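Let's take a walk through this structure together, starting where two chains meet and then moving into each of them. Keep the 3D view open and turn it as you read.

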2 protein chains.
Amino acid sequence: MDRRGEFLLFALTPPRQAASPTKAQEIADLTLERLRALDLDGLVLYDIDDESDRNPDERPFPFLPTMDPGEYLSRHLRDANIPAVVYRAVGKYDEPDLRSWLRAQDPERVLSVFVGASSTDKPVATSLGRAQELRAESAPDLLLGGVAIPERHGRGSDEHLRMLAKQASGCAFFVTQVVYDANAAKNLVSDYCYECRSRGDDPVPIVFTFSVCGSIKTLEFLQWLGVEVPRWIENELRHAEDTLSASYDQALATARELMAYCRRLGVPFGINVESVSNRRAEIEASVDLAACLQGELHR
Amino acid sequence: MDRRGEFLLFALTPPRQAASPTKAQEIADLTLERLRALDLDGLVLYDIDDESDRNPDERPFPFLPTMDPGEYLSRHLRDANIPAVVYRAVGKYDEPDLRSWLRAQDPERVLSVFVGASSTDKPVATSLGRAQELRAESAPDLLLGGVAIPERHGRGSDEHLRMLAKQASGCAFFVTQVVYDANAAKNLVSDYCYECRSRGDDPVPIVFTFSVCGSIKTLEFLQWLGVEVPRWIENELRHAEDTLSASYDQALATARELMAYCRRLGVPFGINVESVSNRRAEIEASVDLAACLQGELHR
């Protein structure tokens with residue numbers, strides 16, 4: 001709310017819908033145990049939607065419906081004791097559902113990021129614009145974030161204007177998808193920063209997401225999700241003896257570059273670390289990455 | 001010839017054709033005086049062609065025909081005492097001219113870079129392929145280089161294959177145009193490196209060219225010439241209080257990034273510094289840039 005950055009989040013994908021309550025609780029407990037070593041400012045809980053309409057290519061990992069992140073939080077993550085940023089793929093929910101969820105949240109503990117449809121011809125129960133209105137009416141104190149996509153800026157050069165439009169609709173921060181292309185992210189931050197300056201407005205925090213990648217299949221999944229991996233990084237990962245370790249070094253270097261850049265420009269930023277895959281080695285490397293970046297934040 | 005890198009070149013544009021011999025000699029003497037503080041491995045002498053066919057936009061600086069770089073070298077730069085890489089826009093010369101020039105060169109003192117037509121529909125006196133044949137027949141000991149364009153790799157992803165085809169036609173090194181986009185250069189170096197490895201061949205030196213930019217007009221001229229300037233760098237230069245100093249810092253950072261990257265990959269590289277404009281402050285800052293990079297080369 002005070003537009004300060006330098007905070008650390010860790011992102012989780014809820015367990016599969018098919019998981020029993022006992023199994024889901026086991027997963028939650030194990031996750032919190034893993035994250036105990038970190039001094040996190042918050043969790044991010046993704047709302048996974050079947051985005052196969054967005055990309056005609058075969059999804060490298062099959063789509064398996066996951067638990068509602070709001071339910072996962074309220075039922076299984078009560079012990080977390082830190083705020084959670086709950087994603088809402090708003091097109092999945094009709095207005096009464098969304099409104100009652102918004103009203104039920106404690107704004108001291110829950111923030112939300114609304115995500116619009118993954119393609120323009122996908123039918124939606126609630127549009128992104130309407131969801132933003134509902135939040136303003138029903139839960140004005142609930143801190144709302146939006147997604148910011150450097151890759152989209154590379155194509156249309158107007159992502160910074162979309163961000164400012166989302167701010168006008170109530171967004172107080174932004175979260176990127178996984179960043180592999182530091183240059184694309186810097187292009188977006190730069191255009192956003194100078195547009196804010198020309199409007200006499202202060203920029204809000206941009207949360208950059210980083211992840212390790214332990215195999216070529218995970219790399220291909222990232223690309224399927226729309227993450228643009230620069231050719232030289234892709235080559236490096238494909239030829240690495242240890243893909244996971246190479247991607248860890250890569251993510252760290254990219255994060256450091258963006259942190260230094262944002263500090264220089266005076267754009268507040270947060271760091272979000274996620275594990276794209278649910279393989280144990282990749283999850284553990286993600287926690288290590290978060291621990292390392294935590295030490296470099298000016299908190 | 002031994003495929004070692006870590007060398008330093010400084011690039012010059014010959015004086016205008018309209019300059020008198022006395023004036024040309026004054027310019028040459030002043031230039032060599034300026035470069036005396038540097039420990040250069042060689043000069044680069046550009047062959048300026050009217051490339052207005054390549055770009056329908058208005059040329060930010062007017063095209064003024066310049067002296068033939070071979071003549072500038074032989075008539076005015078005899079005191080340089082270092083090898084010179086003489087560019088040849090081969091389309092400008094007919095075969096007998098090109099052959100007799102090639103035969104007249106001392107391979108201990110002169111190297112050449114052949115540049116093909118700036119667009120496919122431009123009529124040429126000699127094609128790039130034919131010029132390469134002439135060199136192989138008439139001056140096999142004259143070390144030949146080719147141009148490598150990271151921006152073209154970004155569009156077609158096959159610039160590394162063009163480079164290998166040029167090697168097969170006799171090229172022993174490559175020179176880029178001015179590099180502002182480190183990411184694009186790394187993509188090309190990476191694809192080139194892994195293609196060499198897969199063929200069991202050793203990479204030849206790639207010479208990266210850097211330049212400062214003291215005004216928005218120089219920036220626009222660079223862009224007109226086909227140099228892709230990342231949006232965040234363009235913003236930085238446009239909003240800088242001191243464009244020249246900001247571009248100096250930028251060029252230095254880009255050069256360091258590429259030097260570290262090539263060393264890590266084991267691709268030999270050289271550094272070439274040029275002044276795109278002929279304003280005194282920009283020329284002096286280019287010499288400073290070369291001096292600074294000279295100290296960072298492993299020679």
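A good place to begin is a salt bridge between the side chains of B:Arg231 and A:Asp191, with N to O at 2.8 Å; a salt bridge here is a side-chain nitrogen of Lys or Arg within 4 Å of a carboxyl oxygen of Asp or Glu. Across the interface of chain B and chain A, the rule finds four salt bridges. Helix 7 (182-199), helix 9 (231-239) and helix 10 (243-265) of chain B each supply at least two residues of the side that touches chain A. Helices (H or I, at least four residues) and strands (E, at least two) are DSSP runs, numbered from the N terminus. Helix 7 of chain B gives the most to that side, with six residues.

Before going further, please note that this is a predicted model, in which local features need pLDDT of at least 70 and side-chain atom pairs count only at pLDDT 80 or more, while totals for chains, interfaces and linings use all residues. Residues are numbered from 1 along each chain as its sequence is written, chains are lettered from A and ligands numbered from 1 in the order in which they are written, and side-chain values use heavy atoms, with hydrogens and water left out.

Back at the interface, 16 residues of chain B are in contact with 16 residues of chain A, where contact means heavy atoms within 4.5 Å. The two chains bury about 1600 Å² between them, 46% of it on carbon and sulfur atoms; buried area is the accessible area (1.4 Å probe) that two parts lose on being put together, summed over both. B:Asn183, B:Tyr194 and B:Trp232 supply 37% of the area that chain B buries against chain A, more than any other three residues.

Now turn to helix 7 of chain A. Of its 18 residues, 14 are buried, so this helix is largely enclosed by the rest of the structure. Buried means under 20% relative accessible area, exposed over 50%, and partly exposed in between (1.4 Å probe, protein chains only). Just after helix 7 of chain A comes A:Gly200, with a positive phi near 70 degrees.

Most residues other than glycine have a negative phi. Two exceptions are worth finding: A:Glu6 has a positive phi of about 65 degrees, and B:Asn81 has one near 60 degrees. A:Glu6 sits in the segment before strand 1 (7-12) of chain A and, at 14% relative accessibility, counts as buried. B:Asn81 belongs to the loop between helix 2 (69-76) and strand 3 (84-89) of chain B and is exposed, with a relative accessible area of 67%.

What about salt bridges in the structure as a whole? There are 50 over all chains. In one of them, A:Arg299 pairs with A:Asp41, the closest N and O atoms being 2.7 Å apart. A:Arg299 lies in the segment after helix 11 (280-294) and A:Asp41 in the loop between helix 1 (21-35) and strand 2 (42-45) of chain A, so the pair ties together parts that are 258 residues apart in sequence. By contrast, B:Arg162 and B:Glu159 form a salt bridge at 3.5 Å within helix 6 (residues 159-168) of chain B, three residues apart, about one turn of the helix. B:Glu159 is buried at 0% relative accessible area, whereas B:Arg162 is partly exposed at 38%.
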